[in-house]
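Visitor: I've got a few "how do you know that" questions for you. Could you walk me through the labels one by one?

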Amino acid sequence: MSTTTSNTPESEGTPSAEPRSDTAAEGGGGPRSARLIQNEATTEIPVHLLFRDDPEPVSVPLAPAVVGRRRGTGEQPRVRRPATGRPPRPVPEVDPELVERPARVLPGAAGVLAGACGVAGCALTAWWAGVLPPPVLEALDLPGSAGAGLGPAQWAAYAGAGALGLFGLGGLARGRTGRAWVLGLFGRYRGTVRRTGLMWVNPLVLRRRVDVRLRHWRSEPMSVVDANGVALRVVVLVVWRVKDTARATLAVDDHQGYLRECVEAALSRVLSQLPAELPPSVVKDLTLRNTDAVGEALTRMVSADTAPVGLEVFSAQPTRIEYAPEIAAVMQRRRIAALDAQHRDSVLGSVVDSVEDTVTRLTLRGLVELDDYERKALVKDLTVAFCTGRGEVSS
C-alpha cells in the first residue's frame, strides 16, 4: 500500500490543503495544521506515531537460501532449485583388495639344486638298501652295497628324497617376455610373476598364464543405428593390454569377451547420438564423418568401462562405417539423384548466363533492334541451342 505526505511546511500559518477526516468535517472544526500521512484508503496516521521510541530489534535466525541473480530483466531473484537430472551410470565395482602384487619366487638354480639332491638321495638310499644294480655301481664307482634291505628306514629315506626331487624339479618354470603367471593357492590370490627366464615356483599353486603384451582387436561388422534411426555397419579397431593381471583374471570371467561387449555397448551409445549425414547447407553440426571426435568419445567410454577389471584401452577407432545392405541401395539412388539435380542446376545456370550475356551484347552494340516478342523468341531459341550443345558435350 503506497502512502503520500503533505507538501505544506509547518512554519506556514495557512490552513493545510490536506483532506480532513470525517470526524473533523462533522464537528465543524477548523483545518488541522499537523502533518499527516495518508494512504490510498484515506486513513490518517499521525506523524508522531512514526517517530516513537521502538524497542531494540531482536535478531531472528534465518535459514540460508541460495538466490540466483536475474541480471538485466528487473525481476526479483528466485530460489534456485536443485537440478533433477538423470543419475550417473553406475560403474562396476571390484574387490579393492584384489590388486596385482608380485609373487614370491626363487631362482631356477634353487629348484635344480633341490631336484639334484633328491635324485642323489634316492640313489644313495638304493645303494644302502642293496637294490642298486652292479653296472650302476661300477659306473658310479661305488663300493659294494651294504645290503641292509628295504626296511622302514630305507622307505622313509626314499620318500624324503623323492619328495625333495619332485618338489624341486616340479616347481621349475620358464618366464617369457610379454607373459605373466597369476598364482593362486586354495582359491586365494598369491601374486603375479612377470619375471623372465628360469625360476622356481611353488608346485602346489595354480598357475594361469596371461598375455600382457600390447594387443589389438579388429571387430566384425556390428549393426548399429545413427541419430536418425538409419541402420549402419561399423568395424572398430581396439588397441589394448592387460594392466592388472589379478583383476583381469579373477574379477571377470573372460576379460576378452568383456572387452568385446563393452565396445559394442559404447559403439551403440556414441553412434546413436550423431547422424550419419546432414544436408550440405548444414556444415557446423557434428556427424559420423568426423572420425576423430567419434573415436575420442568411443575410447573414453570403453576405457571407463574396462578400467575396473584391469584392462587399459589406448584407442578404439572406427575403421569403416557404412550403411546396412538394405539401406545402401536406397542411399545410393538418393545420392545419384542429388548429383544429377546439382548437375542440371549448374548447367541451367550457365545456360541462362550465356543467353543473358548474348542478348545484352547484341542489344548494346546495336546489331539488332528487338521488341518484346522478338526478344522472347531469341531467348527461347538461344536457350534451346545452348542446352542442346551442353547435352552433346556432356554425353
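Visitor: What makes alanine 153 buried, exposed or partly exposed?

Guide: Its relative accessible area is 44%. Partly exposed runs between the 20% and 50% limits, so alanine 153 gets that label. Bear in mind that this is a predicted model. Alanine 153 is found in helix α4, and its C-alpha atom is 9.5 Å from that of alanine 129, 24 residues apart along the chain.

Visitor: How do you know whether phenylalanine 186 is buried or exposed?

Guide: Exposed means over 50%, and phenylalanine 186 has 80% relative accessibility, so it counts as exposed. This residue lies in the loop between β8 (179–185) and β9. Phenylalanine 186 also has a positive phi of about 55 degrees, although it is not a glycine.

Visitor: And valine 309, why does it get its label, buried or exposed?

Guide: Valine 309 has 5% relative accessibility. The buried label needs a value under 20%, so valine 309 counts as buried. You'll find valine 309 in the loop between α7 (291–306) and β15 (311–323).

Visitor: What does valine 309 touch, leaving aside residues up to four places away in sequence?

Guide: Asp244, Arg247, Ala248, Val252 and Tyr258. Valine 309 and glutamate 93 are 216 residues apart in sequence, yet their C-alpha atoms are 8.7 Å apart in space.

Visitor: What makes arginine 269 and aspartate 305 a salt bridge?

Guide: Their side chains meet at 3.4 Å, N to O. The cut-off is within 4 Å, so the pair passes by that definition. Arginine 269 lies in helix α6 (residues 255–271) and aspartate 305 in helix α7, so the pair ties together parts that are 36 residues apart in sequence.

Visitor: Which accessibility labels do those partners get, and why?

Guide: Arginine 269 is partly exposed because its relative accessible area is 24%, and that falls between the 20% and 50% limits. Aspartate 305, at 9%, counts as buried, since buried means under 20%.

Visitor: How do you know that arginine 213 forms a salt bridge with aspartate 211?

Guide: The closest N and O atoms are 2.9 Å apart, and within 4 Å is what the rule asks for. Aspartate 211 is at 16% relative accessibility, so it counts as buried, while arginine 213, at 41%, is partly exposed.

Visitor: How many salt bridges does that rule give?

Guide: The count comes to 5. Arginine 320 with glutamate 322 is one of the pairs that qualify, the closest N and O atoms being 3.6 Å apart. Arginine 320 has 34% relative accessibility and counts as partly exposed, and glutamate 322 is partly exposed with 36%.

Visitor: What makes arginine 190 eligible for a surface patch?

Guide: Patch residues need over 30% relative accessible area and no salt bridge. Arginine 190 is partly exposed at 41%, so it clears the area limit. Arg101, Arg104, Arg188 and Arg190 gather in a patch of positive charge on the surface, and arginine 190 is in strand β9 (residues 188–193).

Visitor: Which residues form the nonpolar patch with leucine 150?

Guide: Val131 and Trp155 join Leu150, and together they have about 310 Å² of accessible area. Leucine 150 has a relative accessible area of 43%, so it clears the over 30% limit too. Leucine 150 is found in the loop between α3 (134–140) and α4 (152–170).

Technical notes: Residues numbered from 1 in each chain as written. Predicted model: local features only at pLDDT ≥ 70, side-chain atom pairs only at ≥ 80, totals over all residues. Heavy atoms only, no water. Patch = residues over 30% accessible without salt bridge, like charges linked within 9 Å, V, L, I, M, F, W, Y side chains within 5 Å. Areas by Shrake-Rupley, 256 points an atom, 1.4 Å probe, with all protein chains shown as cover. Lys, Arg positive; Asp, Glu negative; His and termini not counted. Charge placed at Lys NZ, Arg CZ, Asp CG, Glu CD. Helix = DSSP H or I, 4+ residues; strand = E, 2+ residues; numbered from the N terminus. Buried < 20%, exposed > 50% of the residue type's maximum accessible area, 1.4 Å probe, protein only. Contact = heavy atoms within 4.5 Å.
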